[in-house]
Amino acid sequence: MLVVMGRPATPEQIQHVIDEIRRRGAQAHSIPGDSRVAIGVTHHDGRIAKEQLQALPGVSTVVPITRPFKLASREARQGRTVIQIDQVTIGGEEVVVMAGPCAIESPEQAMTIARAVRQAGAKIYRGGAYKPRTSPYSFQGLGEPGLKILADVKRETGLVTISEAVDERSCDLVARYCDIIQIGARNMQNFALLTHAGRVKRPVMLKRGLAATIEEWLLAAEYILMEGNHQVILCERGVRTFAQHTRNTLDLSVVPTVRWISHLPLVVDPSHGTGRREKVTPLARAGVAVGADGIMVEVHHRPEEALSDGEQALTPEMFDQLMWELGIIVQAVGRKIEGPVPGYRLRRGLGVSGLAA
Ligand code: PEP
Ligand code: MN
């Protein structure tokens, strides 16, 4: 259920409603809204009648939330969740581009790629310091030294940073050095990690699991929201199917579906979604066209030497071209995108992609 407080409701009235919900053995969650205060009621097992809450002073209305994911549902919140980090807004009018290598490999590698993507208009720099790899013999990431490199990148370039946490310890470290905590596809249902991330005061980007339904994905987000962390971003990165022409099947129909049922911002990752660099640009374009709030792509200045996911990394030239193309597409879908830094001319027309490709 959702208790919508009247305008204006006093802080005492709001607290009284919360106390009454808890006194009856249920949980109360304040939900930020644009113009009103709402309190989500969970774990009530039918013990609280709508009328009991409706009668409390200051309450405007009590509405049932029919979806299994309560706090992530559109029913719980008026308007969309908009997340502000430094000068970057996620979930607003602007399409945000997150770019960078799969893994942080060295200070030089990280800084070279960061400068390139920043010039082209990326606002958020990605790079894993903890890599969940299929094989224990593959590069596992630099760990904390990698996060320190990300902190240096932010200091030098001003880019907002995102990096993956694989357990509770790395979650605390990512929160210390970076702006956004990424929870990867393989950890989408690591409930201890989700709860922990919910208690950390940093935005969290939750990737869709390899075989997760939308309901499972949004219920995973619910674990984070339930702890009082409302800064959750969803990321579609492809699911397992019988397709052999791509690493995963990027499920772009999820974008309008999730936007319809949830208020959370949604990013599309065509790098992991396709696994092949020549397919990344066309699907990044499609992600923006279908309504994503952002795109996450892997970029490497020497993809053939990358320690992970080199086959799906765009070169800086390809990334320039992509930014130029996205600049055209946003106009058609009523969004905006940050252009290149003043004075920088995007390299384009190199034959690496092109709107017709
Ligand atoms: C990544 O972003 O580098 C990553 C490992 O992603 P995913 O969890 O989607 O595989
Ligand atoms: Mn990767």
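A residue counts as buried when its relative accessible area is under 20%. By that yardstick, buried residues make up 55% of the 357 residues in this chain. Please keep in mind that you are looking at a predicted model. The briefing starts with the whole chain, moves to the manganese site, and then visits a few individual residues.

**The chain as a whole**

- The chain contains 11 helices and 15 strands.
- Its radius of gyration is 21 Å, which agrees with the value near 21 Å that a compact globule of 357 residues would have.
- Measured out along the principal axes, the box filled by the C-alpha atoms is roughly 65 × 45 × 45 Å.
- If you take the contacts between residues at least 6 apart in sequence, 69% of them join residues at least 24 apart.
- The accessible surface is about 15,000 Å², and carbon and sulfur atoms account for 51% of that surface.
- On the charge side, there are 43 positive and 38 negative side chains, and the centres of these two sets are 2 Å apart.

**The manganese site**

- Which protein atoms are donors of the manganese ion (ligand 2)? They are SG of Cys102, NE2 of His272, OE of Glu298 and OD of Asp309, at 2.0 to 2.4 Å from the ion.
- Along the chain, these donors of the manganese ion follow the spacing C-x169-H-x25-E-x10-D.
- Glu298 and Asp309 are 11 residues apart: Glu298 belongs to strand β14 (residues 294-298), while Asp309 sits in the loop between β14 and α11 (316-332).
- Glu298 counts as buried because its relative accessibility is 1%.
- Asp309 has a relative accessible area of 12%, so this donor is buried too.

**A buried loop residue, Ser262**

- Ser262 is found in the loop between α8 (254-261) and β13 (266-268).
- Is this loop residue, Ser262, buried or exposed? With a relative accessibility of 0%, Ser262 counts as buried.
- Leaving out residues up to four places away in sequence, Ser262 touches Ala72, Ser73, Arg74, Arg80 and Leu218.

**Backbone features in loops**

- The peptide bond running from Arg7 to Pro8 is cis, with omega near 0 degrees. Pro8 itself lies in the loop between β1 (2-5) and α1 (11-23).
- Asp45 is not a glycine, yet it has a positive phi of about 45 degrees. You can find Asp45 in the loop between β3 (38-42) and α2 (50-54), and at 66% relative accessibility Asp45 counts as exposed.
- Asp86 also has a positive phi, near 50 degrees, in a residue other than glycine. The loop that holds Asp86 runs between β5 (83-85) and β6 (88-90).
- Because the relative accessible area of Asp86 is 44%, this residue is partly exposed.

**A strand residue, Thr61**

- Thr61 is part of strand β4 (residues 59-63), and its relative accessibility of 29% makes Thr61 partly exposed.
- What does Thr61 contact, leaving aside its neighbours within four places in sequence? Its partners are Leu2, Val3, Val4 and Gln54.
- Thr61 and Val4 are 57 residues apart in sequence, but from C-alpha to C-alpha they are 5.3 Å apart in space.

Note on methods: Residues numbered from 1 in each chain as written. Chains lettered and ligands numbered in written order. Predicted model: local features only at pLDDT ≥ 70, side-chain atom pairs only at ≥ 80, totals over all residues. Heavy atoms only, no water. Helix = DSSP H or I, 4+ residues; strand = E, 2+ residues; numbered from the N terminus. Buried < 20%, exposed > 50% of the residue type's maximum accessible area, 1.4 Å probe, protein only. Contact = heavy atoms within 4.5 Å. Rg over C-alpha atoms; globule rule 2.2 N^0.38 Å. Areas by Shrake-Rupley, 256 points an atom, 1.4 Å probe, with all protein chains shown as cover. Lys, Arg positive; Asp, Glu negative; His and termini not counted. Charge placed at Lys NZ, Arg CZ, Asp CG, Glu CD. Donors = N, O, S within 2.8 Å, 3.2 Å for Na, K, Ca; no water.
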